[in-house]
Every structure is written in C-alpha cells, then in structure tokens.
Amino acid sequence: MAQNTPLLQTDKWVDNYADYLYNYAITRVNNNEVAKDLVQETFFAGIKSADNFKGKSSERTWLISILKRKIIDYYRKINSKKGQAEVRMNFYNDGDQEGTWIEERIPQPWSESANHNIENDELRAQLEECIDGLPEKYGIVFRMKTIQEFETEEICNELDITSSNLWVMIHRARTQLRKCMEDNWFNS
Amino acid sequence: MFGKFKLNCDEATTICNKNQYGEATIWEKMRLMVHFIHCKVCSLYTRQNNFLTTLYKGYSHQCKNIKHTLDQTQKEDLKSKLRNYKA
C-alpha cells in the first residue's frame with residue numbers, strides 16, 4: 001500500500017474535500033448512498049495511487065478526476081445491466097405503424113383546474129416522484145441536462161456517451177414524465 | 001427528398017424534446033412544423049412539453065441552490081474507513 005507522500009495530506013481529505021466531492025457526485029447520480037460510496041471509492045483509489053500524484057494540479061482537482069472516472073464506471077454498470085427487465089414504457093408502435101402513437105398513450109388535454117405553479121409543494125413533490133420513477137440511466141441524463149443544466153458536450157464526456165445517445169434518453173425520459181404528470185397531476 | 005422530409009411521431013417528439021433545450025437544428029425545426037400541420041397529437045404534446053419545461057426550470061432553480069453535505073457521523077465513519085484502508 002502506498003504511504004502518505006509529502007504531497008498529499010490524506011488525513012485531511014475528509015474534512016477538506018468530502019462535502020465537495022459528495023455534492024459533485026449527488027448532483028449527477030441523485031442517490032445519497034451511491035454518492036457516499038463513490039466518494040469513499042474515490043478516496044480509496046486516491047490513497048492507492050498516491051504515488052501518481054505529481055502535485056501539478058491541486059489535490060481537489062486530482063480527486064475530482066478520480067471521481068469522474070468512478071461516475072463513468074457506475075453509469076456503465078447500470079447501463080449494461082442485462083437481463084434486468086427494463087421498466088421503460090413504450091409510447092410508439094412498431095412494424096407497419098412504426099413511430100405512430102400507441103392508442104392508449106396518446107397525450108390528452110390537461111384539466112384547467114390543476115395547479116400549475118412550481119412554488120406549490122405538492123406539485124414539486126409530484127414532479128420529483130415522476131423523475132424518481134424513471135429508469136435510473138434516463139434519470140441521470142435527464143437530471144444532468146434539465147435540472148443541473150449541464151452542456152450536452154459535458155454530459156457526453158462525463159458519462160462517455162454520444163450526443164445521439166443522449167437525445168434518445170432525454171426523449172424517453174421526457175415522454176414518460178409527461179405521461180406521469182398527466183396521470184398523477186394534471187388529469188388525476 | 002420528400003420521403004426524407006416526413007417524420008413519424010416518434011421522430012417528431014424526439015426533435016420537440018431536443019428543441020426544449022434550444023438544440024434542434026433549423027432543418028429539424030422545419031420538418032417538425034410540417035409534421036404539426038397534419039398531426040394534432042404531436043402539437044398537443046409540444047404545447048404540454050413547453051409548459052413542462054417552465055416547470056423543470058423552476059424546479060432546477062430551487063435544486064441548484066441546495067448544497068448537499070455529509071453529516072458529521074458519516075464523515076467520522078469515512079475517516080475511520082480511510083485509516084483502516086491505509087493501515
């Protein structure tokens with residue numbers, strides 16, 4: 001195991017960087033436990049490869065670069081979970097009718113009486129519930145793009161996906177969200 | 001040429017979703033407009049989607065002001081794990 005080098009002050013890592021790394025992770029994965037684990041793994045990996053730290057960047061920058069790798073690994077892992085029944089809902093027909101709306105999923109006009117103000121706590125809670133109901137890989141991309149408002153290129157780099165990949169996931173996420181909000185809020 | 005210009009609803013709503021972030025190309029937007037002429041469902045989808053974008057923006061604004069932190073117990077736990085890891 002690598003010893004503490006004079007360059008790195010691993011004993012102070014938790015006090016100095018844990019919150020910063022945790023906040024960075026959670027705005028991307030949106031799960032307390034996962035974010036906490038990613039921070040821990042980042043510190044472990046940092047200790048393990050402390051010899052590679054040349055002091056050219058700050059400790060924090062160096063740790064963030066490790067955390068970014070960990071986030072990509074995590075994203076790949078959930079993205080490639082095979083055999084797991086995908087809970088994704090289909091909205092469009094296949095075959096002869098390819099790309100047309102599936103009859104029972106056609107958007108319906110919304111009731112005028114529903115509350116439309118995001119300052120309303122119940123509306124906010126419903127919105128969160130719908131976002132949380134997305135398949136995890138779509139949820140991550142949707143949040144990064146829409147809630148954290150990252151640039152497309154940045155998300156593609158951070159998750160190692162192509163932009164056409166990203167737009168397909170945003171499309172699926174938003175189509176499902178619209179339906180979820182229609183059923184549970186606007187026309188409930 | 002005309003065949004390529006036509007969109008199905010899946011493609012049209014994909015462009016509509018991309019457009020919510022201002023990232024659809026002029027060409028895509030033109031094809032979307034033409035699709036709307038004969039597809040009332042996708043126009044409705046788009047109106048609702050535009051409205052949802054304003055909701056998401058408000059929500060985003062609220063979320064971005066939150067700084068997430070670990071509590072002291074979690075930090076102490078993490079510290080002891082790191083000490084054990086080094087040992």
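Here are legends for three close-up views of a predicted model.

Local features here need pLDDT of at least 70, side-chain atom pairs count only at pLDDT 80 or more, and totals for chains, interfaces and linings use all residues. Residues are numbered from 1 along each chain as written, chains are lettered from A in the order written, and side-chain values use heavy atoms, leaving out hydrogens and water.

**View 1. Where chain B meets chain A.** Here 41 residues of chain B are in contact with 54 residues of chain A (heavy atoms within 4.5 Å). About 4,700 Å² is buried between the two chains, with carbon and sulfur atoms giving 64%; this is the accessible area (1.4 Å probe) lost on putting both parts together, summed over both.

**View 2. A salt bridge between B:Lys64 and A:Glu149.** Their side chains meet at 2.7 Å, N to O. The rule finds four salt bridges across this interface (a Lys or Arg side-chain nitrogen within 4 Å of an Asp or Glu carboxyl oxygen). On the side of chain B that touches chain A, helix 4 gives the most, with 18 residues (helices are DSSP runs of H or I, at least four residues, numbered from the N terminus).

**View 3. Two domains of chain A, joined by A:Arg76 and A:Asp160 among others.** An automatic or database assignment gives domain 1 (10–79) and domain 2 (95–186). Their centres, taken over C-alpha atoms, are 28 Å apart. In the salt bridge of A:Arg76 with A:Asp160, the closest N and O atoms are 2.1 Å apart. Helix 3 of chain A supplies eight residues, the largest share of the side of domain 1 that touches domain 2.

Definitions and conventions: Helices (H or I, at least four residues) and strands (E, at least two) are DSSP runs, numbered from the N terminus.
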